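Good morning, and thank you for joining. I would like to take you through the interior of one protein model, beginning with its empty spaces and ending with its packed regions.

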Amino acid sequence: MRKRNNRIGIFFSVILAVALPFTFTSVQKVSAADEDNTSDVINEKYSEELSLQPVAPAFSVESLLNWSPETSPDSQLNQASVTLNENRFKGHQVNKLANPKAGITSAAITLSNHDRSSSVGSNEFSVYAFDNWQLLDSYIYWPGSASGEGVFSLPSPDIVNAAHRNGVPVYATIGFPWGPGSPEELAEIEAFTQQAEDGSFPVADKMIEAAEYYGFDGYFLNQETYGVSEETAKKMNEMMRYTKRHSDIRFNWYDAQANDGSINYQNAINSQNDMYVKPAEDGTYAADEFFLNYNWGRSEIDQTVSTMNKYQRSPFDAYAGFEVQQNSYNTEINTDALLNEKNQSKVSIALYTPNSTMGLADNPADFHEKEQYFWTGPQGDPSEADDSADWKGMARFVTDSSVIQQKPFTTNFNSGHGKKYFVEGNVASSQEWNNRSIQDIMPTWRWWIRGEGSELNASYDFTKAYNGGNSLKFSGDLGKDSVNDTMLYSTKLDINESTKVRVVYQSEPGADVSLGVSYSEDYSKDQMKHYSLPDSNNGWETAVIDLSEDAGNTAYALSLKISNSAKIDNYAFNLGQLSLYDNKAQKISKPENAEVTEKILQTAAQAEARMSWSAQEDAIYYEVYQENASGDRNLLGATPNNHFYTPNITRSKDNAKADNSTTLQIVPINKNYKRGEQATIDFEWGMPIDATEMEENAPSPNVARNATVTDVSYENDAEPASSALDGTVNGNSKWAATNKESGYMTIDIGEPKTIRRWRIEHAEAGGESKDMNTNDFELLYKNENEEWISANRITENDKAVTDVILDKPITASEFKLQVHDDGSSPWTAIRIYEWQMFESDTLPKTENIMMHFVTAENNRGAQDKVTLENVKKEQTVRLYDSLKSENPLAEKQATKDGTLTFEGLDFGVKSDRTYYTVQSPDLEESLKFSTAYMHEKVTEVYKQIDNLPAIDELTVNDKHIVKDAKVSYNKLHPSLRKEVPNYDVLKEAQERIKDLKKKYNKGEE
């Protein structure tokens, strides 16, 4: 978020942590470089037939007014499947410093790029897998960079599902860009607040419709455009009230626009901006939550409390902003200003980009350790979180909440991402993954361990899980007579004569393990009852505990107790599933109406698909599998939705079926997490496995990956230099140095390597604007005399990625990246997303044109042609007669973007495939792809049918040309007739002619 002259605004950009000296967040305008990407098309890649991947919705005012679910291709995939759990409660307060009235809202970057990232999970372990919902009141879906589609950025369904499961509402973001308003920007605000003659607000009505359809709960309104009139500001306030009168929509308002329309950050709620919290005559107010700017002190907090009390509003509807974008939990925040005489917070807390913990993490598993430090605090125990360290964990300020009041309650401790996916303890997919939609309710306390002696370490184990991506692991050295009773969940569960608990676990011998149930609201130790678990035998053990003897009691907490009398070294216990239920849920029947609705083949061995089936009331999730020719199967993904997208359908020469089909399976899962009967679908490839060339030579490895950073001129705490060496741009992973125009980082790759190629991915590669790309930078290496020698310097760069073959190879183990000029953006900062180096001097292969953009036509003689769409200017296209051919049949270079056609070819009479490659000037030739062509005689019949009038345009006079087409079809050899792809059109035309003749004979036409 940005601060200018002590005024801060919420900065709407993946600039995240690259602001001016005193800045926070503000809505960044779409740069000139981005304007070409701005359109009313929500999903450009889908529209251009490049991918079936859904993206989160985004709208301008105009496109929202024109929106309907029927016209948006991703609508069904982007609907939340989990309704907001409103049975939320606060259990016994475990930290005396926390205020049970205070809350937290979090504006976090959820997707690495709102307009491009998958909205339903992906094949990446690295993701903002937030799961401390027990400490959160609301979640603001913060898109990071301004969407190219407009001011509305709607949340992805995965984060809505995870939040709702925990009783947390989710807000979309409405962001009007920071800075002097252009005529177009001010016109957008006027259109946003337009009121109809009947008093309604058309945009508000569409906002209600969108929220209800997609299943989110409200809007975060961030208006930072200068030049808005007082009249328009008042109309905006009334528009918010109108929305609340006509729906259950909630609003969170950011402290930027004042009552008179000016942008005037108050860092408080006072007479300058109180319009948004002041109730109207009917008691309706605009803002449910008020997000204070970040420069508050004690006087601003006291003024806020006074103002809220004046309007009989809870002071805890005001949220003091914590800007943690650049330095995460290393940020200095004057939390003393928040505290009352009891050392409790007087207001609530608003976090800006707490996803910055990702930048501090060594890897996606370590992210959860950094999250524990941020949310629980340095003490590592929510009951002990206090003010003794510089960083105060969120558990010090607010009390935990829970939704666990109904049975069955089942958790696999699945955090929503993983290195692999496990099903009943076995690896179902070795593919990295994330999907927050299937995240379980995670432990209420991280980690509250009561006991004596040696304390075990509690963590997520991503190498071992029962269902999903991880289990809970309790490990460490245990001295004799140690007790570790880990409090897991706050609950309110009535126990009756049929109540049972299922525990799935793996343990090592030597310790006594038991499940603990607290029958006291204050979790007192003397009211804890422990139920012993038997030892496990080299695998997952399932124990079922009967609680019938405690019928009539209420379970207020669940724990896991590990006790030992003798010393144990390297003890480990994994908890895979915990389920508390009354009756076993009935096995679910197979889903009906399952079908592949859309598919795109990336190659002959990899495909994307969209699928759907009829929803089942008792199913909480569906697992989707692929079955191979050998009978083995692997998981494609899991979802709570009955609409599903996967990019993971694959086959190989070893497991491909002879009929070029792959069997897909949909398995429903009930509330007890038992799998039901599967439905099956055949996925038709429509081509042989050898229709495209496979990469046989593995690319040269990036020798700079995870190298040791030996020195850096400057780095933001949450965006360290090491992030430029982790092999990904996802999750805002970059080296950033705020307000630094130049700087350097040095690395040691461990041993001398001969480098022939180096590659830098700049700001634009990570989703930021083009003017933030590094302009002038240099690669240096350290020679035997310990001198830094220049290997290559690049100036006047404006590309998102620079990939260079060195004129002369260099051999060294220590290297330096020197940034001389960070770029042309006014927001000065070094931004390096990836620094890569290679021993090979081979550039990457050109990405080939997808096969559905290429057609081949086999006419009589040398009149055949091949047409390729989406060819880029200066690309060279080559045609080959087989997969193994080295000499092209023909070759052409494109003189402009668009379509390229080869004519005068002669494929011969029979049907077959022609192969093609594409090569860009600075890259290697692509792999060979292919397109099919028909037998010459089939082509003639196909064209004859294709030239018939449209079915609804046929008349009786067309009976002869329809008959001629049928005669031509009949003349084909029976083996060729089945190759006519549009024969169904001919049959339909014949039926239409029959119908028309009947009507004609009856005198109806």
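Please keep in mind that this is a predicted model. Within the structure there are 5 cavities of 30 Å³ or more. The largest cavity has a volume of about 120 Å³. Its lining comprises 18 residues, and those nearest the centre are L135, P382, A395, D400 and W445. Sorted by class, the lining of this largest cavity consists of 8 nonpolar, 8 polar and 2 charged residues.

I turn now to the pockets. The second largest pocket has a volume of about 1000 Å³. It is lined by 32 residues, with V82, N85, R165, I620 and K671 closest to its centre. At least two lining residues come from each of helix 3 (157–165) and strand 17 (409–411). The class division for this second largest pocket is 13 nonpolar, 14 polar and 5 charged.

Next, the packed regions. Which residues have the most contacts inside the largest nonpolar core? They are F152, F192, M207, Y219 and M394, in a core of 92 residues. Helix 5, spanning residues 202–214, gives the most to this core, contributing 7 residues.

Let us consider M207 in more detail. Setting aside neighbours within four places in sequence, M207 is in contact with L64, F152, I174, F192, Y219, M239 and F251. Three of the names just listed, F152, F192 and Y219, also appear among the residues with the most contacts inside the core.

Finally, there is a second, separate core of 45 residues, including V624, I681, I849 and L879. Thank you; I welcome your questions.

Technical notes. Residues are numbered from 1 along each chain as its sequence is written. This is a predicted model: local features need pLDDT of at least 70, side-chain atom pairs count only at pLDDT 80 or more; totals for chains, interfaces and linings use all residues. Side-chain values use heavy atoms; hydrogens and water are left out. A nonpolar core is a set of buried Ala, Val, Leu, Ile, Met, Phe, Trp, Tyr and Cys residues joined through side-chain atoms within 4.5 Å. Buried means under 20% relative accessible area, exposed over 50%, partly exposed in between (1.4 Å probe, protein chains only). Helices (H or I, at least four residues) and strands (E, at least two) are DSSP runs, numbered from the N terminus. Contact means heavy atoms within 4.5 Å. On a 1 Å grid over the protein atoms alone, a cavity is a set of points where a 1.4 Å probe fits but cannot get out, and a pocket is an open set with protein on both sides within 12 Å along at least five of seven lines; lining residues have an atom within 4 Å of a point. Grid points are joined across faces, edges and corners, and a volume is the space filled by probe spheres set on the points. Ala, Val, Leu, Ile, Met, Phe, Trp, Tyr, Cys and Pro count as nonpolar, Asp, Glu, Lys and Arg as charged, and the others, Gly among them, as polar.
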